Amino acid sequence: MNAAPTNPVDLGSSTNIPKLTEHLFRHESGKLVSVLTGIFGIQRLQMAEDIVQESLIRALQTWPYYGVPKNPAAWLTQTAKNMALDIIRREKSFRDKQDQIIATVEQWSSKAETEDAAKFEDEIKDDRLRLMFTCCHPLIPQEAQIALALKTLCGFSPIEIAQGFLTSEAAIAKRLTRARSKIQELQLPFEIPTGEELSLRLEGVLKILYLLFNEGYKASSGESLIRESLCHEAIRLATLLASHPATSDPKTHALLALMWFNTARLAGRVDSDGNLLLLKDQNRNTWDQEMILRGLVHLGQAATGDELSEFHLQAGIAACHSMARDYTSTDWARILAYYDRWVEINDSPIVALNRAVAIAEVSGPDEGINAVNAISQLDAIKGYYLTHAILAELESRKANYKAAVKHWKRALELSEHQAEKAFLTQQLNASQTAA
Amino acid sequence: MATEPTLTHQLILFRGTDWHRGLSPEELQGTMSRWNSRIEDLVNTGKLISGHPLANSGKLVSGKKATVSDGPFAESKEAIGGYLLLKVADFDEAVNIAQNCPALPHGLEVEVRPIVPICPVAQAAQMTYEPAAALA
């Protein structure tokens with residue numbers, strides 16, 4: 001490195017050094033890994049990841065002394081490019097394709113600096129979609145798909161992923177290794193599928209994004225900052241899909257709408273002490289109206305074509321909640337109608353359990369309890385705390401406090417999370433006092 | 001004898017060129033931003049005379065034959081990764097600045113060394129033999 005032996009005048013001469021965009025490193029990392037993978041080939045995914053990490057470290061080593069460059073993203077791209085070229089020239093395995101690869105690398109970095117910038121951005125987008133389809137390939141175990149997407153596309157470290165998923169760093173490292181070796185072993189392609197395959201594979205990608213989002217959205221598990229990031233990263237990736245002609249499917253928009261509606265209400269789910277709040281007790285002023293609006297826009301775009309996916313139904317339900325001024329004005333009849341359709345295409349007892357809540361709102365607690373008892377796979381969810389919490393709530397609405405106490409106690413035994421336990425204890429005490 | 005300077009020169013050495021290995025992009029950015037603002041403070045208060053990062057590797061020259069060998073190696077816990085030359089009230093102030101280094105939690109070590117106005121050996125010699133010529 002030929003650093004000019006000057007004093008750090010760059011810093012001294014300007015009091016307002018450029019401030020970095022929030023998450024710039026994480027987001028650039030996701031982009032650069034995709035682009036480098038496009039150049040090196042998916043077999044060298046790990047190499048792309050290493051080069052990007054090294055470029056970020058280089059920034060950390062030099063920017064404090066010389067100041068933040070005017071265009072930090074371009075600096076990182078250039079640095080990654082130089083390192084990539086070094087490796088290509090040094091490594092024998094690249095020799096037969098060396099000239100071609102070097103030409104590609106030089107082309108993409110010069111494009112980034114000229115008027116072709118927009119075109120370059122489009123190419124990056126394509127690379128990111130390709131990498132998304134590889135990471136979410138159905139032949140990779142599902143958990144490993146999520147971990148790999150977070151690592152390569154979103155720039156999370158194994159420790160951060162572990163914090164989000166309440167597991168160990170070693171477990172995540174293992175999933176990553178498994179995913180990378182599956183890619184090698186099965187020679188998985190780095191491409192956006194076409195024709196009939198596209199729709200099927202897109203469904204797989206959407207499912208992974210849905211799981212990723214839910215992992216972040218799940219109440220009271222994992223570290224909260226990381227969890228919120230998971231939601232926002234899921235939105236970023238889904239937005240990428242929604243803005244690309246190949247993947248801008250009504251289902252994609254439905255999922256994105258669902259994500260916006262739920263993220264809009266994240267902050268309202270707990271009180272100032274971090275206690276969980278029921279929907280009816282939430283302060284609706286904390287709901288982010290701009291996000292709700294975005295949700296509505298995507299819900300509108302989802303309403304084309306004739307397919308009614310589970311994402312459509314969930315987004316519809318979330319929209320009803322998001323748009324109700326207060327709890328009492330919630331359109332439960334419409335929500336129940338969505339649940340009725342949902343149980344037709346998904347026989348999950350969890351969906352049926354949620355439907356029972358809607359039934360109770362429309363027809364009263366007795367009908368709600370009947371609906372819970374009528375769930376065909378009720379045994380499968382008897383060990384789920386929410387089943388008992390819902391029964392307890394419905395019993396107490398009937399002023400049947402003895403039965404309510406029994407169910408609150410059972411729910412408390414089954415719950416594993418501190419915030420949930422605190423909430424359930426509070427409810428239990430209220431029912432005991434009333435009994 | 002020279003008069004006591006009101007400000008002292010202190011050298012801060014950052015030890016370790018491998019501590020950032022396992023950091024995530026988010027952590028790297030956070031550490032860098034904090035580091036930037038610390039150095040900016042030093043510049044704005046006129047306490048920083050100079051400072052530079054060092055390349056991770058170089059050469060080591062040693063022995064009677066002035067043998068040149070590789071080292072320090074690219075990544076090590078001891079190698080110096082950069083330095084700051086400060087002009088501050090005293091040693092304690094420099095130590096205090098070192099304690100604010102944002103990379104400490106990640107394993108970087110910071111060495112603080114006062115720049116002595118005169119070599120201690122020469123100073124001792126001066127005291128023993130007294131001739132003023134020792135200053136020359």
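What distance separates the centres of domain 1 of chain A and domain 2 of chain A, taken over C-alpha atoms? In this predicted model, the separation of those two centres is 52 Å. The division of chain A gives domain 1 (17-111), domain 2 (337-375) and domain 3 (382-435). With these bounds in mind, the reader may turn to the meeting of the two chains.

The contact draws on 35 residues of chain A and 30 residues of chain B. Together the chains bury about 2,700 Å², and 60% of this area lies on carbon and sulfur atoms. Leu60(A), Pro64(A) and Tyr65(A) contribute 25% of the area that chain A buries against chain B, more than any other three residues.

Polar links also cross this interface. Nine residue pairs are in polar contact between chain A and chain B, both partners being at pLDDT 80 or more. On the side of chain A that touches chain B, the elements giving two or more residues are α1 (9-13), α2 (24-40) and α3 (45-66) of chain A. The largest share of that side, twelve residues, belongs to α3(A). Sorted by character, the residues of the side of chain A that touches chain B comprise 17 nonpolar, 14 polar and four charged.

Charged pairs deserve separate attention. Side chains of opposite charge can pair when their charged atoms come close. Over all chains, the structure holds 27 salt bridges, and two salt bridges are found across the interface of chain A and chain B. One salt bridge joins the side chains of Arg26(A) and Glu26(B), at 3.6 Å from N to O. Arg26(A) and Glu26(B) also belong to a network of salt bridges with Glu233(A) and Arg236(A).

Within that network, Arg236(A) and Glu233(A) form a salt bridge whose closest N and O atoms are 3.3 Å apart. The two residues are separated by about one helical turn, because they lie three residues apart in helix α11 (residues 224-242) of chain A. Their surroundings can be described by accessibility: Arg236(A) is partly exposed, with a relative accessible area of 29%, whereas Glu233(A) is buried, at 2% relative accessibility.

A comparable arrangement in sequence can be followed in helix α13 (residues 289-302) of chain A, where Arg294(A) and Glu290(A) are four residues apart and so separated by about one helical turn. The closest N and O atoms of their salt bridge are 3.0 Å apart. Arg294(A) is partly exposed, at 39% relative accessibility.

Another salt bridge links distant parts of the chain. Lys251(A) pairs with Glu203(A), with 3.5 Å between the closest N and O atoms. Lys251(A) lies in helix α12 (residues 250-264) of chain A and Glu203(A) in helix α10 (residues 195-217) of chain A, 48 residues apart. Lys251(A) has a relative accessible area of 5% and is therefore buried, the limit being under 20%. Glu203(A), with a relative accessible area of 39%, is partly exposed.

Finally, the reader may consider a residue in helix α18 (residues 385-397) of chain A, namely Ile390(A). Is Ile390(A) buried or exposed? Its relative accessible area is 11%, so Ile390(A) counts as buried. Leaving aside neighbours within four places in sequence, Ile390(A) is in contact with Leu353(A) and Val357(A). The C-alpha atoms of Ile390(A) and His407(A) are separated by 8.5 Å, and these residues are 17 residues apart along the chain.

Notes
Residues are numbered from 1 along each chain as its sequence is written. Chains are lettered from A and ligands numbered from 1 in the order in which they are written. This is a predicted model: local features need pLDDT of at least 70, side-chain atom pairs count only at pLDDT 80 or more; totals for chains, interfaces and linings use all residues. Side-chain values use heavy atoms; hydrogens and water are left out. Buried means under 20% relative accessible area, exposed over 50%, partly exposed in between (1.4 Å probe, protein chains only). Contact means heavy atoms within 4.5 Å. Buried area is the accessible area (1.4 Å probe) that two parts lose on being put together, summed over both. A salt bridge is a side-chain nitrogen of Lys or Arg within 4 Å of a carboxyl oxygen of Asp or Glu. A polar contact is a pair of N or O atoms within 3.5 Å; within protein, one must be able to donate a hydrogen and the other to accept it, and residues adjacent in sequence count only if both atoms are side-chain atoms. Ala, Val, Leu, Ile, Met, Phe, Trp, Tyr, Cys and Pro count as nonpolar, Asp, Glu, Lys and Arg as charged, and the others, Gly among them, as polar. Domain bounds come from an automatic or database domain assignment.
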